[in-house]
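Please walk me through this structure, with attention to how its side chains pack and pair. I would like the reasoning spelled out wherever one feature bears on another.

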Amino acid sequence: MINFSSSSPDSNISTMKRNTIVMNHLGSLDARRIGRKNLILAFAVIAAAAILPAEDKPDVSGTSAKPEAAPEPAADPAGRDVSVSLSTALQSAYVWRGITVNDEPVIQPSVEVVIDGLTINVWVNGDMTTQTDRGIKAGQVSETDLTMYYTKAFGPDELYQLSFGCIDYLFPSAGTTTEFFVSFGMDTIASPAITIYRDVDLPALYASLGASHKHTVNESIEIEASAAIGLGDSNWGKLMFGLSDDDASFGLYDVSVVVSATYALTAEMSISVTATVSSVINSDAADALDAADIKTTTAVIGLAWSMSL
């Protein structure tokens, strides 16, 4: 299933993050280039409009973006399927698209509302240690992501899934940047999916090709394995890694493998353990990270708790 929430252990189609610490090391981004107005107000207005009942609105039906994890639909006067979930993840490091943003423990809480096919998610990264040389302070919120997307399943037995949406990234010390994306996936044994991201503020294009498989051990335990490769255009190489015009080109930049095990404590609550290995495999990009003393390959262990309301 397609899932764009940053908090999800399955991050093969995760979102466009602009960590200011990494960017300061690479010298490829500053606050003047990401001063675009954010979408907080739009998120609030859309969420309120979708949740509040209105007698003159038609009944809208669709497919949840995460039907396998959704609780029983909440009662809604307008006849819509509404679910709310909370989660908190403890990670040994924060890695995004192969880039090690923080190589020490972080906490990542999130809240998600699903209304028929519309998903609204708020995700936060909190640093848990102080690293003076990198400007990281324990207890600080270094990033907040606001994600909104719509998913529609179609075809025989709803085999195909098409999603589109946007993400607003908020960095307290640098401003915001916004990204739009579209994704196509198939609900098969390997669940292949492709997602294309385009930033509004920065002319960079990124695409993720991924696959995943879930195995139900028993009523309480589920195991999932996934893998993804990330491709970027020349602007991606320039902006994210500070590559020159000669070195930057469209191609493969990163790869990741994720294995997770989820245990259902109750029908509404679960815990999960995740092991992830991510790596930047583009040689020029890896050299740039090495020069900035940033890891090119990182293994991450995570423990997460989630609850459906």
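In this predicted model, helix H4 is followed by Asp293, a residue whose phi is positive, near 60°. At the other end of the helix, Asn282 acts as the N-terminal cap, with a side-chain oxygen placed 3.1 Å from the backbone nitrogen of Asp284. Between these two ends, H4 spans residues 283-291, and its buried residues are Ala285, Ala286, Ala288 and Leu289. Viewed down the axis of H4, these buried residues fall within an arc of 155°, so they line one face of the helix. The spacing behind such a pattern is a general one: an α-helix has 3.6 residues a turn, so residues three or four places apart point the same way.

Helix H4 also takes part in the largest nonpolar core, being one of the elements that give two or more residues to it, along with E2, strand E3 (99-102), E7 and helix H3 (234-241). This core has 29 residues, and those with the most contacts inside it are Tyr94, Trp96, Trp236, Met240, Phe241, Leu243 and Tyr253. Among the elements, H3 gives the most to the core, with four residues.

Two of the residues with the most contacts in the core, Trp96 and Trp236, also belong to an aromatic cluster, which they form with Tyr149, Phe181, Tyr197 and Tyr206. The count of aromatic pairs comes to 10. One of them joins Tyr94 and Trp123 in a tilted arrangement, with 5.8 Å from centre to centre and 55° between the planes. Since Tyr94 lies in strand E2 (residues 94-96) and Trp123 in strand E5 (residues 118-127), this pair ties together parts that are 29 residues apart in sequence. Both partners are buried: Tyr94 has a relative accessibility of 3%, and Trp123 has one of 0%.

Another aromatic pair, formed by Tyr160 and Phe184, is stacked, with 5.9 Å from centre to centre and 20° between the planes. Here too distant parts of the chain are linked, with Tyr160 in strand E7 (residues 160-171) and Phe184 in strand E8 (residues 175-186), 24 residues apart. In this pair, however, the partners are partly exposed, Tyr160 with a relative accessible area of 27% and Phe184 with one of 33%.

Turning to charged side chains, where does Arg97 sit with respect to Tyr197? Arg97 lies over the face of Tyr197, at 4.3 Å from the ring centre, and Tyr197 is itself one of the residues in the aromatic cluster described above. Arg97 also meets Glu179 in a salt bridge between their side chains, at 4.0 Å from N to O. Because Glu179 lies in strand E8 and Arg97 in the loop between E2 and E3, this salt bridge ties together parts that are 82 residues apart in sequence. Buried counts as under 20% relative accessible area, so both residues fall in that class, Glu179 at 0% and Arg97 at 8%.

A search of the whole structure finds two salt bridges, and Asp245 and Lys238 form one of them, with their side chains meeting at 2.9 Å from N to O. In this bridge, Asp245 is exposed, with a relative accessible area of 59%, whereas Lys238 is partly exposed, with a value of 27%.

Key: Residues are numbered from 1 along each chain as its sequence is written. This is a predicted model: local features need pLDDT of at least 70, side-chain atom pairs count only at pLDDT 80 or more; totals for chains, interfaces and linings use all residues. Side-chain values use heavy atoms; hydrogens and water are left out. Buried means under 20% relative accessible area, exposed over 50%, partly exposed in between (1.4 Å probe, protein chains only). The arc is that of the directions from the helix axis to the C-beta atoms. A polar contact is a pair of N or O atoms within 3.5 Å; within protein, one must be able to donate a hydrogen and the other to accept it, and residues adjacent in sequence count only if both atoms are side-chain atoms. Rings of Phe, Tyr and Trp (its six-membered ring) pair if their centres lie within 6.5 Å; planes under 30 degrees apart count as stacked, over 60 as edge-to-face and the rest as tilted. A charge sits over a ring if NZ of Lys or CZ of Arg is within 6 Å of the ring centre and within 35 degrees of the ring normal. A nonpolar core is a set of buried Ala, Val, Leu, Ile, Met, Phe, Trp, Tyr and Cys residues joined through side-chain atoms within 4.5 Å.
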